[in-house]
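Ready for some practice at reading a fold? Work through each exercise yourself before you look at its solution.

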Amino acid sequence: MYYIGFDLGSSSVKAALIEASTGKSIGVTQYPETEMAIIAEKTGWAEQDPNLWWKNICKVTQKLLAQTGVAATKVKGIGIAYQMHGLVVVDKNQEVLRPSIIWCDSRAVEIGDSAFKGAGEAKCVSNLLNSPGNFTLSKLKWIKENQPAIFEKVDKLMLPGDFIAMKLTGEVTTTISGLSEGIMWDFKQNKPADWLFDYMGISTDLIPTIVPTFSNQGTINKKASEEIGLPEGIPVLYRAGDQPNNALSLNAFNPGEIAATGGTSGVVYAITESTATKESSRINNFAHVNYTTEQPRIGKLLCINGAGIQYSWMKQNVVATTDSYNDMNNLASSVPVGSDGLRILPFGNGAERMLNSKNTGASTFNLNFNKHNKAHLLRASLEGIAFSFVYGIDILKNDGVNLSAIRAGNDNLFRSEIFSNTIATLVGTDINIIDTTGAVGAARAAGVSTGDFKTFDEAFSDNEHVMTYHPLKDKKAYNDAYAIWKQDLEKQYNN
């Protein structure tokens, strides 16, 4: 028997099958092959069609079953990971009312900032562990203010993973972890933040039924079975946003452990046991997948929107079309630490929360046409992204994170020695690269939910360790380059 895990991203849907008896991954695939479109009618907007997500979930399921040769009747449970913070609204017939306003959409920044002041900054920090920010509830408030005819029809608000679970089961549910990622959970009162909903003029009746992260959250119904090709009755057993799920996939559950990702955006997700923060406007604090009121585990999430997207831009616009990321990394390695004075700030992908939601754009400093070439541009790009990770980790340390370990997936950025060595050296901590995916993690989490795996360690400790980056002994060049880069950032930020 097998568990299937889905990871709904903004570019594609990944799916994985694992053996229920061993946790071994037997197949991972994705659909579509090309990136899903993001609709941007105005600058700073980003939307996707939830029904397209569902169609791609169905297609990736069939692709995975065909690829592995596993019969659909052998699947015993489902785990779901999903792009965080997005808003899906449906009517009483569970029909989508408008495209989802997804994670990188920045239209609700002012609404969140206004709510932070109006609802009370001290109360937001102590009870929400966050400012309302540009997140799910603020996005719903935007619809209320700008599309009142649509808002009047809203029966339930959902996160992307809640929508997929609804399509599978016909039941509209959510989790504490999900509500906390939408800045809708009151940690002090251990319930939805009704006072914030009241301030926004939004009824808490729009909140779905709350279910545990690890639990039977409903079973595949007849309609879904016909569309996805899995038998009726298979339970949805786990659901989490992609960053908490990524931490789970990397076996990061304990205070001091950091899970990092270097995709389109960069994320540093640190586990703590403290339900307090002094950095509520620059980082987010979410209920981790193993959060309980008795033993709180909070994930402090710092997101860098302008990360891998910048290196991808370099690939599309600076090097030859045939060059791979490995070719780019090798070319960048021909340039010394500090890129001969060329410096790049990678913040060109919307408002940056760690910069207090400013949208500064990407910037290049000290470009010399007589000295610098594309190798310098590539190294400065990697260093700029790495420096932004270090800057973010310093913010987390200032908020009480006692760093003990960094774990990262085997993705493009972390496969770069320049990128990983720069971070490891500047923060003074090993970076362990683990070969796993969010879809595999979600599938294993489904097995935790049923008890096939008795503990998190049993489910995740056998992840394949790829390599470890150790801090380099000669730190001076790295420290000097980072200090100048940080000066550039702070000058621009303070302008």
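Before we start, a residue is called buried when its relative accessible area is under 20%, exposed when it is over 50%, and partly exposed in between (1.4 Å probe, protein chains only). Helices (H or I, at least four residues) and strands (E, at least two) are DSSP runs, numbered from the N terminus. You're looking at a predicted model, where local features need pLDDT of at least 70, side-chain atom pairs count only at pLDDT 80 or more, and totals for chains, interfaces and linings use all residues. Residues are numbered from 1 along each chain as its sequence is written, and side-chain values use heavy atoms, with hydrogens and water left out.

**Exercise 1. Find the buried residues of helix α3 (residues 121-128) and say what they pack against.**

Step 1: Cys-124, Asn-127 and Leu-128 are the buried ones. They cover an arc of only 90° around the axis, so they sit on the same side of α3. The arc is taken from the directions that run from the helix axis to the C-beta atoms.

Step 2: Recall that an α-helix has 3.6 residues a turn, so residues three or four places apart point the same way.

Step 3: Now look for the neighbours, where contact means heavy atoms within 4.5 Å. The buried residues of α3 pack against α2 (109-119), β10 (185-186), α8 (194-200) and β16 (284-287).

Step 4: Just after the helix comes Leu-129, with a positive phi near 65°.

**Exercise 2. Work out how strand β1 (residues 2-8) fits into its surroundings.**

Step 1: 7 of the 7 residues of β1 are buried, so the strand is largely enclosed by the rest of the structure. Tyr-2, Ile-4, Phe-6 and Leu-8 point one way, while Tyr-3, Gly-5 and Asp-7 point the other way.

Step 2: Check the partners; two strands pair if DSSP finds at least two bridges between them. With β5 (residues 75-82), β1 pairs in the parallel sense over 7 bridges; with β2 (residues 13-19), the pairing is antiparallel, also over 7 bridges.

Step 3: Follow Phe-6 to each partner: its bridge partner is Ile-80 in β5 and Ala-15 in β2. β1 and β2 form a hairpin, with 4 residues between them.

Step 4: Zoom out to an open sheet of 5 strands in the order β3-β2-β1-β5-β13, with mixed pairing. β3 (25-31) and β13 (236-241) are at the edges with a single partner strand each, so one side of each has no neighbour in the sheet.

**Exercise 3. Describe how helix α11 (residues 308-317) packs with helix α13 (residues 374-398).**

Step 1: Two packed helices are described by the angle between their axes and the distance between the axes. Axes are lines fitted to C-alpha atoms, for helices over the stretch in contact, and angles run from 0 to 180 degrees between N-to-C directions.

Step 2: Here the angle is about 170° and the axes are 9 Å apart. That makes α11 roughly antiparallel to α13, since angles under 35 degrees count as roughly parallel, over 145 as roughly antiparallel, 65 to 115 as roughly perpendicular and the rest as oblique.

Step 3: The contact brings together Gln-310, Tyr-311 and Met-314 of α11 with Leu-377, Leu-378, Ser-381, Leu-382 and Ile-385 of α13. Sorted by type, the contact residues are 6 nonpolar, 2 polar and no charged. Ala, Val, Leu, Ile, Met, Phe, Trp, Tyr, Cys and Pro count as nonpolar, Asp, Glu, Lys and Arg as charged, and the others, Gly among them, as polar.
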